[in-house]
Protein chains: 2
Amino acid sequence: MIETRTLSLAEIEDLSFRALVAAGTSEENARPLAVATAATEADGVASHGLAYISIYCEHVQCGKVDGQARPVLAQPRPGVVTADAATGFAHSAIDAGFEILIPAARAQGIAALAIRNSYNCGVLGYHTYRLAQAGLVGLGFTNAPASIAPSGGSKPVVGTNPFSIAAPGTDGQPALLIDQSASTIAKSEVMKHAREGRPIPVGWALDDEGNPTTDPNVGLKGSMAPSGGYKGVGVALLTEVLAAALTGATLGIHASPFSGTAGGPPKTGQFFIAIDANATADDAFSTGIVDLVEAIRSQDGAHLPGDGRRANRLKAQTDGVAVNVATLAKIEALLT
Amino acid sequence: MIETRTLSLAEIEDLSFRALVAAGTSEENARPLAVATAATEADGVASHGLAYISIYCEHVQCGKVDGQARPVLAQPRPGVVTADAATGFAHSAIDAGFEILIPAARAQGIAALAIRNSYNCGVLGYHTYRLAQAGLVGLGFTNAPASIAPSGGSKPVVGTNPFSIAAPGTDGQPALLIDQSASTIAKSEVMKHAREGRPIPVGWALDDEGNPTTDPNVGLKGSMAPSGGYKGVGVALLTEVLAAALTGATLGIHASPFSGTAGGPPKTGQFFIAIDANATADDAFSTGIVDLVEAIRSQDGAHLPGDGRRANRLKAQTDGVAVNVATLAKIEALLT
């Protein structure tokens, strides 16, 4: 059994903030990352919450991310905001970008935020969630080091490249939130199996000639299997075009790894689109979303994307989150 | 062996135009559909080319589509164009919308076209292709009558809902064009197997309790299998939110069938986003796309989405297209 300790969201944010600052992150950069970490723990996505704080700190110290960076913002057209994250944390660039993006989307009806020279943005759905909370339909795309091969090929050309969409709801929470990668399974799961010396199921990864493998180490040297075959490659390419080519960020084929300390900053990108449904559909939008959500919720056992995180989030506000004690010990060691 | 006759693209357009007009379509509405039909045959997508002309004519005559409709356009915000297709053909509404969308995207950096009260738009990639030919990154989404069930459920809530992205190239053709539905296989393939009395492979469709089936008739009463399981449902929901909820169009759960003559107009929707890469990334966009495309093309046997259609298109300009004689006979019968 894993030993846990229950922390309030404020405690999670504070602990994250202090650790990041102790590692050499500026307070301006540490705060958005600490807020996101608390929100990610609240959503129940422990793999990307406090467990990442020691990795972030290590990356500040080895120079994979510049903890003191200041994102450079511009608005070259009324509907486009660009942010050069200057090899700093994605979160600061996204927060600064959203301050311009949100009012621009309301004024123009649609607006985009293109971020380059960036870093792993954590849970993509956290960012689209905030666009939905601002009353906008939020679309997000983020690229990653190449790990998926094209159909018919065997050499990775795109990352597991997630996309996310969040639709505003009428009860203070998004009506629906999709956040999914283009691979069958997260690469971290294959890495975990490799560490534990366990075989992986067929369909998770391919060897370096594109054949199925159950050996996680062979899979890590080969490629990740795209979800649904060539259509998963298509979804990953959609994200690569938007998050990398369209932002001027580094393509997955050239990006340094997100894990480990080697290779310097990955300089990958994020692309967000915010849309004001009042401009495109007037009141029809809310009616449509409520109807669609109800058609899913009314079926016994049917899964509405975002419902799991939503339930965790509402519970965490009052009950806090049970955190792995070993994860906490690792962070607390950074503070002494 | 199927008997064919070779027609030039101009002949295909002319034949389509005359048939549509003879069925009661206005010249304004027939022309964009005839142009699209020729382009679709050029791309080698015969299933959605001339083979659809007799269906379109039948739908005009039974009132599933209003051949005389005039789309109503508006631009409520600088970056948003809306089109009420007035239960007419999608193509006229899209063409009229693009005339405002394209300059708006150049001026604003990004713009959207939201179409409601619409109809089957044919090959979605034909429309994003034209945005790429205008130098813009084109994204397209179109919804369809519900045929895919949510994960854990068994009742369809979303259609096979394709998305498309086309990226402008440097040689007069898109660098890359993705156009894919959210199901494992097109519903028309399952219908074809049903007509021919052949079993379908496991993984194409599910029965009305969500279990795999090899009986196409059972599958048609049940649901289409989403590509990659719950992630395919996620892609279909992305499209449903954009093409239906965000346009004020009819949701897939309420839409009348695209096939057959019953149920009146489907009133489904389309959503397009056009982005000017010069605004988001300056010159870096072309460099990135060329690099990405080369990483795929340089691998023996690797498939670059859009390359097949591109090769067909270039060949058809000079050689014309070999068309099924039975399809031609069906159309020519409409003209006598």
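In this predicted model, helix 1 of chain B and helix 12 of chain B cross with a left-handed sense. The contact draws on B:Leu15, B:Ala19 and B:Ala22 from helix 1 of chain B, and on B:Leu328, B:Ile331, B:Glu332 and B:Leu334 from helix 12 of chain B. By class, the residues of this contact are 6 nonpolar, no polar and 1 charged. The charged one is B:Glu332, because Glu counts as charged while Ala, Leu and Ile count as nonpolar.

Two packed helices are described by the angle between their axes and the distance between those axes. For helix 1 (residues 9–22) and helix 12 (residues 325–334) of chain B, the angle is about 45° and the axes lie 9 Å apart. That angle makes helix 1 of chain B oblique to helix 12 of chain B, because angles under 35 degrees would count as roughly parallel and those from 65 to 115 as roughly perpendicular.

The backbone at Asp282 is a separate topic. Most residues other than glycine have a negative phi. In contrast, A:Asp282 has a positive phi although it is not a glycine, and B:Asp282 likewise has a positive phi without being a glycine. The table gives the value and the place for each chain.

| Residue | Phi | Place |
|---|---|---|
| A:Asp282 | about 50° | loop between helix 9 (277–281) and helix 10 (284–297) of chain A |
| B:Asp282 | about 50° | loop between helix 9 (277–281) and helix 10 (284–297) of chain B |

Is B:Asp282 buried, partly exposed or exposed? Its relative accessibility is 48%, so B:Asp282 counts as partly exposed; exposed would require over 50%.

Note on methods. Residues are numbered from 1 along each chain as its sequence is written. Chains are lettered from A and ligands numbered from 1 in the order in which they are written. This is a predicted model: local features need pLDDT of at least 70, side-chain atom pairs count only at pLDDT 80 or more; totals for chains, interfaces and linings use all residues. Side-chain values use heavy atoms; hydrogens and water are left out. Helices (H or I, at least four residues) and strands (E, at least two) are DSSP runs, numbered from the N terminus. Buried means under 20% relative accessible area, exposed over 50%, partly exposed in between (1.4 Å probe, protein chains only). Axes are lines fitted to C-alpha atoms, for helices over the stretch in contact, and angles run from 0 to 180 degrees between N-to-C directions. Angles under 35 degrees count as roughly parallel, over 145 as roughly antiparallel, 65 to 115 as roughly perpendicular and the rest as oblique. A crossing is left-handed if the near helix is turned anticlockwise from the far one by less than a right angle, and right-handed if clockwise. Contact means heavy atoms within 4.5 Å.
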